[in-house]
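Student: I should like to work through this model step by step. May I put my questions in turn?

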Amino acid sequence: IYGDRGRAVAAYQAAYAADSLNRVAANQLLLNYTTRRQSDSAMRYALRVTALEPNVNNANRVVGVLVSLGRLDEASAMLDSILTAVPGSVTSQAVVTSRFVLHLARGQRDSAAAVAEEASRSPSVPNRIAALQGLSNIATIEGRFTRAAALNQQVNALLAERGVPVFDDQ
């Protein structure tokens, strides 16, 4: 099945049909449909995964699918409800990423950059890496390639500190 998305989807669909509580099958269907940009199907499984295992990360996956569907007001409302239900989640990588993506989807690069700048100072290294990558993406969109390269060097340095192999020109 490895490398054959069609067979993988069919296998996960069969597993899910046999047991609709199968979180692995629901999650893999969500990932496969998201990758295929089949957002309506991805939404079905995002909602199912969140129902099976309600948590901030899974709820933010629903936000991501809403953004991909262009339903930005719904995505924003969902994000607000997550923050109301779990106020401490405001600094979680899932919430920060959702805020960043919502701003970008609305064409608010300055607001997206402000979210990423703040997260780039997080004590959480994965959050810092994601934020620096977001800032690099914005710099690239804006044609500031030297800035993008410098941000990527910061990411590579953080990865190298943790023993993650870094390849030149990445």
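Student: Is R147 buried, partly exposed or exposed?

Tutor: This model is predicted, and the relative accessible area of R147 is computed as 34%. Buried requires under 20% and exposed requires over 50%. Because 34% lies in between, R147 is partly exposed.

Student: With which residue does the side chain of R147 meet in a salt bridge?

Tutor: Side chains of opposite charge can pair when their charged atoms come close. For the side chain of R147, the N to O distance in the salt bridge is 3.7 Å. The partner is E117.

Student: How many residues apart are E117 and R147?

Tutor: E117 belongs to helix α7, which covers residues 109-119. R147 belongs to helix α9, which covers residues 145-161. The pair thus links distant parts of the chain, and the separation is 30 residues.

Student: Which other residue forms a salt bridge with E117, at 4.0 Å between the closest N and O atoms?

Tutor: E117 is itself partly exposed, with a relative accessible area of 31%. The residue in question counts as exposed, at 59% relative accessibility. With its closest N and O atoms 4.0 Å from those of E117, the partner is R121.

Student: How far apart are the closest N and O atoms in the salt bridge of E74 with R71?

Tutor: E74 is partly exposed, with a relative accessible area of 41%. R71 is also partly exposed, at 33%. A salt bridge requires a nitrogen to oxygen distance within 4 Å, and for E74 and R71 the closest atoms are separated by 2.9 Å.

Student: How many salt bridges does the structure hold?

Tutor: The pairs discussed above include E74 with R71 and E117 with R147. In addition, R109, E142 and R144 are linked in a network of salt bridges. For the structure, the total is 8.

Student: What pattern does the protein chain follow along the sequence?

Tutor: The protein chain has 9 helices. The number of strands is 0. Read along the sequence, the pattern is therefore α-α-α-α-α-α-α-α-α.

Student: Are α2 and α3 roughly parallel or roughly antiparallel to each other?

Tutor: The two helices pack with their axes 8 Å apart, at an angle of about 150°. Angles over 145 degrees count as roughly antiparallel. The crossing of α2 and α3 is left-handed. Because of their angle, α2 and α3 are roughly antiparallel.

Student: Which residues in α3 meet those of α2?

Tutor: On the α2 side, the residues are R23, A26, N27, L29, L30, Y33 and T34. Their counterparts in α3 are S41, A42, Y45, A46, R48, V49 and L52.

Student: Which residue in the loop between α2 and α3 is found there with a positive phi, although it is not a glycine?

Tutor: Most residues other than glycine have a negative phi. The residue asked for has a phi of about 60°. It is exposed, with a relative accessible area of 75%. In the loop between α2 (23-35) and α3 (39-52), the residue is R37.

Student: Is I129 buried or exposed?

Tutor: I129 is found in helix α8, residues 125-141. Leaving aside neighbours within four places in sequence, I129 is in contact with V155, L158 and L159. The cut-off for buried is under 20%. Because its relative accessibility is 13%, I129 counts as buried.

Student: What percentage of the residues in the protein chain are buried?

Tutor: I129 is one buried residue, whereas A10, in helix α1, is partly exposed at 42%. The protein chain has 170 residues. Of these, the buried residues make up 35%.

Student: How far apart in space are A10 and P54, C-alpha to C-alpha?

Tutor: In sequence, A10 and P54 are 44 residues apart. Across the protein chain, the C-alpha trace spans about 50 × 40 × 30 Å along its principal axes. From C-alpha to C-alpha, the distance between A10 and P54 is 25 Å.

Student: Which element of the protein chain has the highest mean pLDDT?

Tutor: For the protein chain, the mean pLDDT is 91, and 96% of its residues reach 70 or more. Among its elements, helix α1 (residues 5-18) has the lowest mean, at 89. The highest mean, 96, belongs to α7.

Terms used. Residues are numbered from 1 along each chain as its sequence is written. This is a predicted model: local features need pLDDT of at least 70, side-chain atom pairs count only at pLDDT 80 or more; totals for chains, interfaces and linings use all residues. Side-chain values use heavy atoms; hydrogens and water are left out. Buried means under 20% relative accessible area, exposed over 50%, partly exposed in between (1.4 Å probe, protein chains only). Helices (H or I, at least four residues) and strands (E, at least two) are DSSP runs, numbered from the N terminus. pLDDT is the predictor's confidence in each residue, from 0 to 100. Axes are lines fitted to C-alpha atoms, for helices over the stretch in contact, and angles run from 0 to 180 degrees between N-to-C directions. Angles under 35 degrees count as roughly parallel, over 145 as roughly antiparallel, 65 to 115 as roughly perpendicular and the rest as oblique. A crossing is left-handed if the near helix is turned anticlockwise from the far one by less than a right angle, and right-handed if clockwise. Contact means heavy atoms within 4.5 Å.
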